[in-house]
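Biologist: I would like to go through this model and ask on what grounds each label is given. Please set the values against the cut-offs.

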Amino acid sequence: MQIDEERQRKAREYARLRRWLSLTSNAVLGLCAVLLIIFNVDKWLRDQLQSVARQFPPLSWQPVPSWYPLQILLYFLIVTIILQIVTLPLSYYQGFVLSHRYGLSVMTLKAWFIDRLKGGGLGIALQAIIVTLIYALLAFQPQTWWLWVAICQLFFSVVLANLAPVIIFPLFYKFSPLPDGELKQRLLTLAQRAGTSVRGVYTMHLSSKTTAANAAVMGLGNTRRIVLGDTMTDRYSTDEIEVVLAHELGHHVHNDMWKALFYDSLLTLGGLFLCSLILHFVIDSWHYYLALTDPATLLFLAVLAGLYGLIIAPLSNLNSRRAEYQADEYALRATGKIASFKNTMARLANQNLAEIEPSPIVEFLFYSHPSITRRLKHADDFAQRLMASHPEPS
Ligand SMILES: [Zn+2]
């Protein structure tokens with residue numbers, strides 16, 4: 001299998017367009033939030049909600065105002081829905097128009113919209129829980145709220161990662177256990193040789209939505225499993241799928257899910273601490289908001305969190321690329337199937353329209369996996385190391 005040059009031309013074009021769209025979408029989101037703050041819409045909305053709350057019999061716990069949790073929740077929902085509506089055209093263009101134009105999506109508009117509603121609803125519900133918790137902690141633990149939020153966030157992430165393959169992904173995709181056969185047998189042998197057990201291997205019915213192939217380790221603890229897209233099991237050779245399985249098994253053996261959770265939680269902790277310093281400064285020295293618990297601070301906090309997220313994304317990606325490189329190394333070592341590994345990479349590049357050689361800066365900023373060119377080179381280096389350690393008899 002060779003890299004298809006025509007597909008690569010399209011892949012570069014597609015990647016460039018997607019980067020621009022994502023940049024534009026972030027800029028629009030940021031600009032919108034900043035404008036709402038500059039024109040004091042954040043404070044106006046707080047005043048409106050407080051005057052509504054005063055219409056009802058008082059309900060409060062010191063030191064928070066009457067109907068406080070509900071005010072926070074409504075504030076969050078109104079702001080989030082406004083921002084979602086503003087960015088909907090861009091996400092429609094990227095998620096539907098562009099992915100159809102480049103032949104990656106096979107979803108109908110209705111199916112796409114339903115998925116977006118489900119995804120958006122789920123995201124908003126989870127964020128609403130976190131936001132309400134943040135403001136409760138701001139009220140009752142004003143100095144150490146950031147530490148408690150980071151701990152709660154880690155706890156939520158662990159629970160979500162555990163539930164993801166049994167509750168969340170099935171909302172979007174059908175799963176079925178990989179049937180008994182040669183593939184499953186090969187995986188069990190690989191796992192046995194690695195001295196680990198795999199709780200399950202599933203096929204994920206990606207083909208109802210996309211033409212792209214993918215595989216992953218999902219779940220945590222009792223739900224941990226290896227998942228293969230049917231867009232891969234349908235058309236890759238048994239050797240190629242075995243290499244993919246070995247890569248996923250590598251993540252499994254290296255406990256990459258746990259490591260990523262802790263690493264990202266540390267980054268979150270740093271960010272929350274910075275947010276706390278800035279928020280205290282803005283309120284204690286500037287008196288820009290009424291108090292730490294002022295619902296109007298929500299947009300300000302969101303802008304800070306968004307900026308921090310952009311800054312740390314490359315750090316998170318750096319960690320992820322390192323884990324991917326090690327999983328590749330594991331797959332090459334466990335199977336010794338270097339040609340199949342390289343075939344799989346080329347196949348994935350052609351099928352998924354993956355740009356195989358992005359500029360180093362683009363790879364550093366945005367790539368969670370090493371570029372395919374690097375992964376192919378890794379396989380060649382591995383082959384050389386293997387030759388050096390086991391020279392062929394002449
Ligand atoms: Zn991986």
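Modeller: Start with V28, which sits in helix α1, residues 5–38. Helices are DSSP runs of H or I with at least four residues, strands are runs of E with at least two, and both are numbered from the N terminus. Residue numbers count from 1 along each chain as its sequence is written. The model is predicted, so local features need pLDDT of at least 70 and side-chain atom pairs count only at pLDDT 80 or more, while totals for chains, interfaces and linings use all residues.

Biologist: Why is V28 called partly exposed?

Modeller: A residue is buried if 20 or more other C-beta atoms lie within 10 Å of its own, exposed if 12 or fewer, and partly exposed in between, with C-beta atoms placed from the backbone. V28 has 15 such atoms within 10 Å, so V28 is partly exposed.

Biologist: Which residues is V28 in contact with, leaving aside its neighbours within four places in sequence?

Modeller: V86, T87 and L90. Contact requires the C-beta atoms of two residues, placed from the backbone, to lie within 7 Å. As for K259, 231 residues from V28 along the chain, the two C-alpha atoms are separated by 33 Å.

Biologist: Why is H287 called exposed, and N255 partly exposed?

Modeller: H287 has 9 other C-beta atoms within 10 Å, and is therefore exposed. N255 has 14 C-beta neighbours inside 10 Å, so N255 counts as partly exposed. N255 is in the loop between α8 and α9, and H287 is in the loop between α9 and α10.

Biologist: What makes the phi of N255 worth a remark?

Modeller: Phi of N255 is positive, about 55°, although N255 is not a glycine. H287, also not a glycine, has a positive phi near 55°, and H287 comes just after α9.

Biologist: How do you know that the span of α9 is close to the expected one?

Modeller: The expected span of a helix is 1.5 Å times one less than its number of residues. Helix α9, residues 256–285, has 30 residues, and the expected value is 44 Å; from first C-alpha to last, α9 reaches 43 Å. Its buried residues are D256, M257, T268, L272, C275, S276 and L279. They pack against α5 (145–168), β3 (215–218), α8 (238–253) and α10 (297–335).

Biologist: What makes β1 and β3 edge strands?

Modeller: The four strands form an open sheet in the order β1-β2-β4-β3, with mixed pairing. β1 (175–177) and β3 each pair on one side only, and these are the edge strands. The twist averages 30° from one strand to the next.

Biologist: How do you know that β2 and β4 pair?

Modeller: Two strands pair if DSSP finds at least two bridges between them. Four bridges join β2 (residues 201–204) to β4 (residues 225–229), so the criterion is met, and the two run parallel. Within this pair, the bridge partner of Y202 is V227 in β4.

Biologist: What is the confidence of the model as a whole?

Modeller: The mean pLDDT, the predictor's confidence in each residue from 0 to 100, is 92, and 98% of residues reach 70 or more. Among the elements, helix α6 (residues 182–193) has the lowest mean, 85, and helix α11 (residues 338–352) the highest, 96.

Biologist: How many helices does the protein have, and what share of its residues counts as buried?

Modeller: There are 13 helices, alongside four strands, and 27% of the 394 residues count as buried.

Note on methods. Axes are lines fitted to C-alpha atoms, for helices over the stretch in contact, and angles run from 0 to 180 degrees between N-to-C directions.
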